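Colleague: Could we go through this model together, beginning with its fold and then turning to the contact between chains?
Modeller: Certainly; please have it open.

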Amino acid sequence: MPIVLTSEQLLSANNLHFEGFFVDTNIVILNQDPFAESNISKNTQRFESVQTSIQSLKSDGYIPYSTIPVILEYYKHIQYNSYTLRLSKKFSTRDFKDAKNNNPDFREYWKAQMEQFKRVFKKTFPLFEVNKNYKNLLNGFNYLDLDLDFGDHLLVNIVSNVKQELKIIYSNDKDFFSLPDDYFLITSDQKILVQAEAENKLYTQKFL
Amino acid sequence: MKKIKVVDKLKSSNLLSSVKGEILYQYILAQLDQMNSITLDFSDYEYISSTFLNSTFGKLLVSKNWTKEQFFDMIKVIGLSDDDMSNLMLSVQNALFKNDLLLKGQNIEDVYLSNLSY
């Protein structure tokens, strides 16, 4: 289980020497809010806290890196939900392409989504370049694992091969609880923080 | 046309919260009671979030029941980066969709709950 801390704790920590961190897909979604979910009052605080923390971390010099698996997952999230939300229909790739080509309102909406999508992974969450042989990734994937799905597995695999100053993931997904002990996990999810405290894995318990 | 410098009005260059968005929204509403259009100058801002944009412009479009064209006729925006202009455009598109739902008598939260997946 990784050491768990909030973004505020990372900002105030004098004994941690990270240069940046890797974002999970849910953090990109919460920061970018592609479907304006933050306008629904019960969601506002959840989106706002991640947006504020990302900006605070960037202001302090931390680079929030994205990876190819996260970018792909984010794209699929936007593609699938743009269709199901706007058209209230079950998603099919063929019907999505048809809507994109023949439905002017949907095309205009999709254009706005893609304009944002293209920019997100240039400045906001720059892509971490990986020079890696991906052949072994499939062999290493435990599909019976109840926690990490394939996208998570790819992200963890990338992070496992970086220098120590970058071995830290920002996620509100409790599946990352299965990360090894030498990882750090930034989270704003209260359930993860409570569980980490119960298992003596909070940064404040281990380092302060 | 009145020109408002947003960072001066909100006394902050970090435009991240829905609270600040609401303040700007209320201010714009009051100004539009007296004039036909308004220019919002975002020069010198440091950060702007989707939550802020949705709380200001998204809410404005819906409360005024504007089309996209009416929105940009009434509200001129200057001083935003290209990246943040694309965020604003997406906020407008999402607001148009929500407005459409409301006009059809649908509950936004119910539609999102039924159709948005993670």
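**Sheet, interface and selected residues**

Modeller: In chain A, five strands make an open sheet with parallel pairing, in the order β1-β5-β4-β2-β3. Strands pair if DSSP finds at least two bridges between them; helices (H or I, at least four residues) and strands (E, at least two) are DSSP runs, numbered from the N terminus. This is a predicted model, in which local features need pLDDT of at least 70 and side-chain atom pairs count only at pLDDT 80 or more, while totals for chains, interfaces and linings use all residues. Residues are numbered from 1 along each chain as its sequence is written, chains are lettered from A and ligands numbered from 1 in the order in which they are written, and side-chain values use heavy atoms, with hydrogens and water left out.

Colleague: Which are the edge strands of chain A?
Modeller: They are β1 (3-5) and β3 (63-65) of chain A, each of which pairs on one side only. From one strand to the next, the twist averages 30°; axes are lines fitted to C-alpha atoms, for helices over the stretch in contact, and angles run from 0 to 180 degrees between N-to-C directions.

Colleague: And which helix packs on the sheet?
Modeller: Helix α3 (residues 41-59) of chain A does, touching β2 (20-23), β3 and β4 of chain A. The direction of this helix makes about 145° with that of β4(A). Contact here means heavy atoms within 4.5 Å.

Colleague: How many bridges join β4 to β5 in chain A?
Modeller: Three bridges link β4 (residues 168-170) and β5 (residues 184-186) of chain A, which run parallel. Within β5(A), Ile186(A) stands opposite Tyr170(A).

Colleague: Back to α3 of chain A: is Asn43(A) buried or exposed?
Modeller: Asn43(A), which is found in that helix, counts as buried because its relative accessibility is 10%. The classes are buried under 20% relative accessible area, exposed over 50% and partly exposed in between (1.4 Å probe, protein chains only).

Colleague: What does Asn43(A) touch?
Modeller: Not counting residues up to four places away in sequence, Asn43(A) touches Glu37(A) and Ser38(A). Its side chain reaches the backbone oxygen of Glu37(A) at 3.2 Å.

Colleague: Changing topic, how many residues does the contact take from each chain?
Modeller: The contact takes 34 residues from chain A and 28 residues from chain B. About 2900 Å² is buried between the two chains, with carbon and sulfur atoms giving 51%; buried area is the accessible area (1.4 Å probe) that two parts lose on being put together, summed over both.

Colleague: How many salt bridges cross the interface?
Modeller: The rule finds three between chain B and chain A, a salt bridge being a side-chain nitrogen of Lys or Arg within 4 Å of a carboxyl oxygen of Asp or Glu. The side chains of Arg119(A) and Asp83(B) meet in a salt bridge at 2.9 Å, N to O.

Colleague: What supplies the largest share of the side of chain B that touches chain A?
Modeller: That share, 10 residues, comes from α5(B).

Colleague: Where is Thr56(B), and is Thr56(B) buried or exposed?
Modeller: Thr56(B) lies in helix α3 (residues 50-64) of chain B and is buried, with a relative accessible area of 0%. Leaving aside neighbours within four places in sequence, Thr56(B) is in contact with Gly21(B), Leu24(B), Tyr25(B) and Ile28(B).

Terms used
A polar contact is a pair of N or O atoms within 3.5 Å; within protein, one must be able to donate a hydrogen and the other to accept it, and residues adjacent in sequence count only if both atoms are side-chain atoms.
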